[in-house]
Each structure stands twice: as C-alpha cells, then as structure tokens.
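Here's a quick walk through the model, starting with the aromatic rings and working out to the strands. Keep the viewer open as you read.

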Amino acid sequence: MKIRWFSLLAGLTILVLGHWGGDLSALAPTLLGKIAYYCAGDICRFDLSTGVDTDLTNSKAIDNHPKMSPDGTKIVFTSTGGIYVMDSNGTNRTFLSSVGGHPYWSPDGTQIAFSIISSTSNNGIWVMNAD
C-alpha cells in the first residue's frame, strides 16, 4: 500500500492509502503505530504493528470525529454533550466544551480548533487550549 501525506490548512493532515509493494507494518513508526477511528458509536484504536483493534470509549453515548494528537499521546473527539480529550489508551477522559464539533489539533498539540454551526452569530471556527 502506498501512503501519501497532504498537509492543508495549518496542520490538518490527510492520509491517503493506495497501492504499496511492501508490508504495511513497516510503516507503523511513521504513523506513530496507531490510528484512532469511529466504530459503531465508539472511538476505537487500530495498532498497525499488531493488527489489534481496541474499543476505547465503550459507552452508551455517541462518540465520533476522533483525532490523534501530533505526539500520539491524546485523542480529541466529540460525544453526546460536547468535546472531550482522553489519553490514547482510552483513560483520563476529560470534558472540554459543551458546544462545537469536528475538533482538530494544532500542529504543536497545545490547542484544538473546532466548528460551531448554529442559528446564532457564534458560527465559525473557534480555538481553545488543549488542557
């Protein structure tokens, strides 16, 4: 599988998988070894080096839009009731905001950008500290 990175809009990175002549596990260090993704209402993590899927949130809430921090230690995501951050192993879930969605990390991992779409004048892209 061929992997290509495209960087857009101040740190937003898109990963495109195509054809690759070698073993995908050889690329794990490049990708921090783990990918966070939405799975049936939860946030899951796939370990590229072991091929193991782990359900990190396993909750009744609808959790989605996960983004791994630039250093791979945290995951920001939306859930019923707001925006949350947790350690990349699923522990230390912390509430950040009751409004907004589609969170993205800043390139240095200190801030989180998110969108607000509503009928009020608060529409737009907002930024908050990650802690």
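Phe-77, Tyr-84 and Phe-95 make up one aromatic cluster. This is a predicted model, where local features need pLDDT of at least 70 and side-chain atom pairs count only at pLDDT 80 or more, while totals for chains, interfaces and linings use all residues. Residues are numbered from 1 along each chain as its sequence is written, and side-chain values use heavy atoms, with hydrogens and water left out.

Searching the whole structure turns up 2 aromatic pairs. For the record, rings of Phe, Tyr and Trp (its six-membered ring) pair if their centres lie within 6.5 Å; planes under 30 degrees apart count as stacked, over 60 as edge-to-face and the rest as tilted.

| Pair | Centre to centre | Angle between planes | Type |
|---|---|---|---|
| Phe-77 and Tyr-84 | 5.9 Å | 20 degrees | stacked |
| Tyr-84 and Phe-95 | 5.5 Å | 70 degrees | edge-to-face |

The pair of Tyr-84 and Phe-95 ties together distant parts of the chain: Tyr-84 is in strand E8 (residues 82–87) and Phe-95 in strand E9 (residues 94–97), 11 residues apart. Strands here are DSSP runs (E, at least two residues), numbered from the N terminus.

How covered are these rings? Buried means under 20% relative accessible area, exposed over 50%, and partly exposed in between (1.4 Å probe, protein chains only). Phe-77 and Tyr-84 are both buried, with Tyr-84 at 15% relative accessibility. Phe-95, at 44%, counts as partly exposed.

Tyr-84 also has a charged visitor: Arg-93 lies over the face of its ring, 4.5 Å from the ring centre. Lys-67 does likewise with Tyr-104, at 4.6 Å from the ring centre. The test for a charge over a ring is NZ of Lys or CZ of Arg within 6 Å of the ring centre and within 35 degrees of the ring normal.

Tyr-104 brings us to the strands, and it stands opposite Ala-113 in E11. Strand E10 and strand E11 (residues 111–116) pair in the antiparallel sense over 3 bridges; pairing takes at least two DSSP bridges between two strands. An open sheet of 3 strands runs in the order E10-E11-E12, with antiparallel pairing. E10 (101–105) and E12 (124–129) stand at the edges with a single partner strand each, so one side of each is left without a neighbour in the sheet. On average, neighbouring strands of this sheet are turned by 25 degrees against each other, direction ignored.

Val-99 sits in the loop between E9 and E10. With a relative accessible area of 42%, Val-99 is partly exposed. Setting aside neighbours within four places in sequence, Val-99 is in contact (heavy atoms within 4.5 Å) with Ile-83, Phe-114 and Ile-116.

Earlier in the chain, strand E3 (residues 34–39) and strand E4 (residues 42–47) run antiparallel, joined by 6 bridges. E3 and E4 form a hairpin with 2 residues between them, and Ala-40 in the turn has a positive phi of about 50 degrees. Cys-39 has Asp-42 in E4 as its bridge partner.

Zooming out, the protein has 0 helices and 12 strands. Buried residues make up 34% of its 131 residues. The accessible surface of the protein comes to about 7,800 Å², with 57% belonging to carbon and sulfur atoms; areas come from the Shrake-Rupley method with a 1.4 Å probe.

Methods:
Helices (H or I, at least four residues) and strands (E, at least two) are DSSP runs, numbered from the N terminus. Axes are lines fitted to C-alpha atoms, for helices over the stretch in contact, and angles run from 0 to 180 degrees between N-to-C directions.
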